[in-house]
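Here is a protein model to explore together. Take a moment to turn it around on your screen, and then we can walk through some of its details.

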Amino acid sequence: MSRNKTVKDYIRTIVDFPHEGIMFRDVTTLFADPRGFRMAIDQMLHPYAGERIDKVVGLEARGFILGGAIAHQLSVGFVPIRKKGKLPGTTISQDYKLEYGEAIVEIHDDAIQPGEKILVVDDLLATGGTAAAGIKLIERLGGEIVSCAFIIDLPELGGRKVLEGMGMDVHVLCDFEGL
């Protein structure tokens, strides 16, 4: 039976988390299953076979899990983009809007060299705010983004359109309707 499973089959939905009315798409069940996790990493890598990628950038926090595994498979470096105040050393920051306020993400100012080819990864694409802020940081450092890869897209929230409007190539493994 598991032979016919898709990545989406490994993702559970938790109703009313973290707030009432939210259908939380939980990838920890995907990560916990060795076949599911391998399938997700392989499918996230597949579109970039033969492309030059110098570094993988993971967005906090589940993007670190995916980004580390993908960087390992590609034999390239991994760079985290973190919430403000979490990185030691000198950073640059980018603020962005959330449904309920604002947030700030940061990257080390020496993490990416001009002209490096970057793959941005995270587990979920919702409004695109975090990814857009990460893209701006990478571009400020001179990185050239090859693509943005996600496990899940929530199309109703419009994040894919936001990123494509920034000129980004976007690759997702599955989508879920609703919030």
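## Phe31 and its aromatic partner

Let's start with Phe31, in a model that is predicted. Is Phe31 buried or exposed? Phe31 counts as buried because its relative accessible area is 16%, and buried means under 20%. Its partner, Phe37, is partly exposed at 22% relative accessibility.

There are three aromatic pairs by the rule used here. One of them joins Phe17 and Phe24, which meet edge-to-face with 5.2 Å from centre to centre and 85 degrees between the planes. Phe31 and Phe37 also form an edge-to-face pair, with centres 5.4 Å apart and planes at 70 degrees. In the pair of Phe17 and Phe24, Phe17 is partly exposed, with a relative accessible area of 41%, and Phe24 is partly exposed as well, at 21%.

## Lysines over rings

Rings can also have a charged group over them, and two lysines are worth finding. Lys5 lies over the face of Tyr10, 4.4 Å from the ring centre. Look too for Lys8, whose charged end sits over the ring of Phe176 at 4.7 Å from the centre.

## A helix and what surrounds it

Now find helix α2, which runs over residues 34-45. How far does α2 reach from its first C-alpha to its last? The twelve residues of α2 span 17 Å, close to the 16 Å expected at 1.5 Å a residue. At the N-terminal end, Asp33 acts as a cap for α2, with a side-chain oxygen 2.9 Å from the backbone nitrogen of Arg35.

Several residues of α2 are buried, including Gly36, Met39, Ile41 and Leu45. Among the elements that cover the buried residues of α2 are the helices α1 (28-32) and α3 (62-74). The strands β7 (117-125), β8 (144-153) and β9 (170-175) also help to cover them.

## Two nonpolar cores

The largest nonpolar core contains 29 residues, and Ile11 and Ile151 have the most contacts inside it. At least two residues of this core come from each of α1, α2, α3, β7, β8 and β9. Which element gives the most to this core? That is α2, with five residues.

What does Ile11 touch, apart from neighbours within four places in sequence? Its contacts include Val27, Leu30, Ile151, Ile152 and Phe176. A second, separate core has 28 residues, among them Val79, Ile92, Tyr96 and Leu163.

## Unusual spots in the backbone

Let's finish with the backbone, beginning in the loop between β1 and β2, where Asp16 lies. Asp16 has a positive phi of about 65 degrees, although it is not a glycine. Asp16 is partly exposed, with a relative accessible area of 41%. Pro18 is found in the loop between β1 (12-15) and β2 (23-26) too, and the peptide bond from Phe17 to Pro18 is cis, with omega near 0 degrees.

Another cis peptide bond leads from Glu60 to Ala61, again with omega near 0 degrees. Ala61 is in the loop between β3 (55-59) and α3. Ser75, in the loop between α3 and β4 (77-83), has a positive phi near 60 degrees and is a residue other than glycine. Why does Ser75 count as exposed? Ser75 counts as exposed because its relative accessibility is 67%, and exposed means over 50%.

Terms used: Residues are numbered from 1 along each chain as its sequence is written. This is a predicted model: local features need pLDDT of at least 70, side-chain atom pairs count only at pLDDT 80 or more; totals for chains, interfaces and linings use all residues. Side-chain values use heavy atoms; hydrogens and water are left out. Rings of Phe, Tyr and Trp (its six-membered ring) pair if their centres lie within 6.5 Å; planes under 30 degrees apart count as stacked, over 60 as edge-to-face and the rest as tilted. Buried means under 20% relative accessible area, exposed over 50%, partly exposed in between (1.4 Å probe, protein chains only). A charge sits over a ring if NZ of Lys or CZ of Arg is within 6 Å of the ring centre and within 35 degrees of the ring normal. Helices (H or I, at least four residues) and strands (E, at least two) are DSSP runs, numbered from the N terminus. The expected span of a helix is 1.5 Å times one less than its number of residues. Contact means heavy atoms within 4.5 Å. A polar contact is a pair of N or O atoms within 3.5 Å; within protein, one must be able to donate a hydrogen and the other to accept it, and residues adjacent in sequence count only if both atoms are side-chain atoms. A nonpolar core is a set of buried Ala, Val, Leu, Ile, Met, Phe, Trp, Tyr and Cys residues joined through side-chain atoms within 4.5 Å.
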